[in-house]
Amino acid sequence: MTEQKEVILSKEYLQKLQDELEYLKTKRRPEIAEKIKEARSFGDLSENADYDEAKNEQGEVESRIAKVEDMIRHAKTFEDSTNKDEVSVGSKVLIHDEEFDEDLEYKIVGTAESNPLEGFISNESPVGEALLGKKKGDKVEVVTPNGKCYYTIKEIR
(Lines give C-alpha, C1' and ligand atoms only; values in the text may rest on other atoms or scores of the structure.)
Protein backbone atom coordinates (compact mmCIF):
# COMPACT_ATOMS: atom_id res chain seq x y z
CA MET A 1 0.00 0.00 0.00
CA THR A 2 1.42 3.38 -0.97
CA GLU A 3 1.60 6.12 1.59
CA GLN A 4 -0.82 8.99 1.03
CA LYS A 5 0.80 12.34 0.33
CA GLU A 6 0.06 15.03 2.90
CA VAL A 7 -2.36 17.74 1.83
CA ILE A 8 -1.19 21.26 2.68
CA LEU A 9 -4.14 23.44 3.74
CA SER A 10 -4.68 26.75 5.48
CA LYS A 11 -6.65 26.46 8.70
CA GLU A 12 -9.49 28.40 7.04
CA TYR A 13 -9.68 25.96 4.12
CA LEU A 14 -9.55 22.97 6.46
CA GLN A 15 -12.54 24.44 8.31
CA LYS A 16 -14.40 24.87 4.99
CA LEU A 17 -13.77 21.21 4.18
CA GLN A 18 -14.99 20.13 7.62
CA ASP A 19 -18.15 22.22 7.18
CA GLU A 20 -18.71 20.78 3.71
CA LEU A 21 -18.28 17.24 5.02
CA GLU A 22 -20.79 17.88 7.80
CA TYR A 23 -23.29 19.28 5.27
CA LEU A 24 -22.85 16.36 2.88
CA LYS A 25 -23.31 13.77 5.63
CA THR A 26 -26.15 15.37 7.56
CA LYS A 27 -28.13 17.14 4.83
CA ARG A 28 -27.34 15.82 1.34
CA ARG A 29 -27.21 12.09 2.20
CA PRO A 30 -30.68 12.11 3.80
CA GLU A 31 -32.11 14.25 0.95
CA ILE A 32 -30.83 11.82 -1.66
CA ALA A 33 -31.97 8.78 0.34
CA GLU A 34 -35.45 10.32 0.38
CA LYS A 35 -35.32 10.90 -3.40
CA ILE A 36 -34.35 7.26 -3.94
CA LYS A 37 -37.12 6.05 -1.64
CA GLU A 38 -39.66 8.21 -3.47
CA ALA A 39 -38.44 7.11 -6.91
CA ARG A 40 -38.67 3.45 -5.85
CA SER A 41 -42.32 3.96 -5.00
CA PHE A 42 -43.02 4.72 -8.67
CA GLY A 43 -42.52 1.05 -9.55
CA ASP A 44 -40.36 -0.39 -12.36
CA LEU A 45 -36.78 0.78 -11.68
CA SER A 46 -35.47 -0.26 -15.12
CA GLU A 47 -37.20 2.70 -16.80
CA ASN A 48 -37.29 5.12 -13.88
CA ALA A 49 -35.33 8.28 -14.74
CA ASP A 50 -35.89 9.77 -11.28
CA TYR A 51 -34.35 6.70 -9.68
CA ASP A 52 -31.37 6.73 -12.05
CA GLU A 53 -30.81 10.43 -11.42
CA ALA A 54 -30.99 10.00 -7.64
CA LYS A 55 -28.57 7.05 -7.73
CA ASN A 56 -26.12 9.07 -9.84
CA GLU A 57 -26.40 11.98 -7.44
CA GLN A 58 -25.80 9.59 -4.54
CA GLY A 59 -22.63 8.32 -6.23
CA GLU A 60 -21.33 11.85 -6.74
CA VAL A 61 -22.00 12.83 -3.13
CA GLU A 62 -20.42 9.64 -1.75
CA SER A 63 -17.38 10.22 -3.97
CA ARG A 64 -17.04 13.80 -2.71
CA ILE A 65 -17.43 12.64 0.90
CA ALA A 66 -14.62 10.10 0.42
CA LYS A 67 -12.38 12.72 -1.21
CA VAL A 68 -12.99 15.33 1.52
CA GLU A 69 -12.46 12.77 4.29
CA ASP A 70 -9.18 11.73 2.68
CA MET A 71 -8.02 15.34 2.39
CA ILE A 72 -8.89 16.02 6.04
CA ARG A 73 -7.21 12.80 7.19
CA HIS A 74 -3.95 13.76 5.43
CA ALA A 75 -4.12 17.50 6.08
CA LYS A 76 -1.12 19.44 7.26
CA THR A 77 -2.12 22.99 8.11
CA PHE A 78 -0.04 26.12 7.85
CA GLU A 79 -0.34 29.58 9.29
CA ASP A 80 -0.13 32.61 7.06
CA SER A 81 3.55 33.35 6.89
CA THR A 82 4.88 36.14 9.07
CA ASN A 83 8.32 35.79 7.50
CA LYS A 84 8.74 38.86 5.30
CA ASP A 85 12.31 37.91 4.32
CA GLU A 86 11.66 34.76 2.31
CA VAL A 87 8.75 33.31 0.32
CA SER A 88 7.13 30.27 1.94
CA VAL A 89 3.76 28.54 1.94
CA GLY A 90 1.34 31.10 3.37
CA SER A 91 3.22 34.10 1.98
CA LYS A 92 1.54 36.80 -0.09
CA VAL A 93 3.93 37.84 -2.82
CA LEU A 94 3.86 40.86 -5.09
CA ILE A 95 5.82 40.08 -8.24
CA HIS A 96 6.51 42.00 -11.44
CA ASP A 97 5.98 40.14 -14.70
CA GLU A 98 8.85 41.32 -16.91
CA GLU A 99 7.24 40.24 -20.20
CA PHE A 100 3.89 41.96 -19.69
CA ASP A 101 5.23 44.78 -17.47
CA GLU A 102 2.57 44.23 -14.81
CA ASP A 103 2.43 43.50 -11.11
CA LEU A 104 0.75 40.34 -9.86
CA GLU A 105 -0.09 39.36 -6.31
CA TYR A 106 -0.35 35.74 -5.24
CA LYS A 107 -0.73 33.84 -2.02
CA ILE A 108 1.24 30.59 -1.93
CA VAL A 109 -1.03 27.73 -0.81
CA GLY A 110 -1.24 23.96 -1.09
CA THR A 111 -2.50 22.30 -4.27
CA ALA A 112 -6.01 21.60 -2.96
CA GLU A 113 -6.59 25.27 -2.22
CA SER A 114 -5.07 26.68 -5.39
CA ASN A 115 -7.14 29.01 -7.55
CA PRO A 116 -4.92 31.17 -9.76
CA LEU A 117 -7.82 33.33 -10.98
CA GLU A 118 -8.45 34.31 -7.35
CA GLY A 119 -4.74 34.87 -6.61
CA PHE A 120 -4.01 31.56 -4.86
CA ILE A 121 -1.21 29.54 -6.45
CA SER A 122 0.02 26.13 -5.45
CA ASN A 123 3.42 25.62 -3.91
CA GLU A 124 3.79 22.80 -6.48
CA SER A 125 2.92 24.93 -9.54
CA PRO A 126 5.83 26.14 -11.68
CA VAL A 127 5.49 29.74 -10.43
CA GLY A 128 4.84 28.78 -6.80
CA GLU A 129 7.72 26.34 -6.70
CA ALA A 130 10.09 28.89 -8.30
CA LEU A 131 9.16 31.57 -5.75
CA LEU A 132 9.66 29.41 -2.64
CA GLY A 133 12.76 30.40 -0.69
CA LYS A 134 13.35 33.57 -2.71
CA LYS A 135 13.75 37.06 -1.23
CA LYS A 136 12.58 40.57 -2.10
CA GLY A 137 14.44 41.83 -5.17
CA ASP A 138 15.26 38.33 -6.47
CA LYS A 139 14.70 37.71 -10.15
CA VAL A 140 12.98 34.42 -10.87
CA GLU A 141 12.93 32.41 -14.08
CA VAL A 142 9.97 30.06 -14.38
CA VAL A 143 9.74 27.30 -16.94
CA THR A 144 6.08 26.81 -17.87
CA PRO A 145 4.41 24.73 -20.58
CA ASN A 146 4.22 27.96 -22.63
CA GLY A 147 7.91 28.77 -22.27
CA LYS A 148 10.02 30.79 -19.83
CA CYS A 149 8.63 33.64 -17.75
CA TYR A 150 10.62 36.16 -15.76
CA TYR A 151 9.51 37.78 -12.54
CA THR A 152 11.02 40.11 -9.96
CA ILE A 153 9.86 39.82 -6.35
CA LYS A 154 8.76 43.29 -5.27
CA GLU A 155 7.30 42.51 -1.86
CA ILE A 156 6.65 39.63 0.54
CA ARG A 157 3.69 40.09 2.87
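This is a short tour of salt bridges in a predicted model, with a few residues to select at each stop. A search of the whole structure turns up 15 salt bridges, and we will visit three of them.

**Stop one: Lys-11 and Glu-79.** Select these two residues and show their side chains. They form a salt bridge whose closest N and O atoms are 2.6 Å apart. Distant parts of the chain are linked here: Lys-11 belongs to helix H1 (residues 11–40), while Glu-79 sits in the loop between strand S2 (75–78) and strand S3 (92–97), 68 residues apart. Lys-11 counts as partly exposed, because its relative accessibility is 44%.

**Stop two: Lys-25 and Glu-69.** Stay on helix H1 and select Lys-25, then add Glu-69 from helix H2 (residues 49–73). Their side chains meet in a salt bridge, at 2.7 Å from N to O. The partners lie in two helices, so this pair ties together parts that are 44 residues apart in sequence. How accessible are the two ends? Lys-25 is partly exposed at 33% relative accessibility, and Glu-69 is partly exposed too, with a relative accessible area of 26%.

**Stop three: Arg-28 and Glu-31.** Now select this pair, both in helix H1 and three residues apart, about one turn of the helix. Their salt bridge brings the closest N and O atoms to 2.6 Å. Is each partner buried or partly exposed? Glu-31 is partly exposed at 36% relative accessibility, whereas Arg-28 is buried, with a relative accessible area of 16%. Before you leave, add Lys-35 and Glu-57 to the selection: salt bridges with shared partners join them with Arg-28 and Glu-31 into one network.

Definitions and conventions. Residues numbered from 1 in each chain as written. Predicted model: local features only at pLDDT ≥ 70, side-chain atom pairs only at ≥ 80, totals over all residues. Heavy atoms only, no water. Salt bridge = Lys/Arg side-chain N within 4 Å of Asp/Glu carboxyl O. Helix = DSSP H or I, 4+ residues; strand = E, 2+ residues; numbered from the N terminus. Buried < 20%, exposed > 50% of the residue type's maximum accessible area, 1.4 Å probe, protein only.
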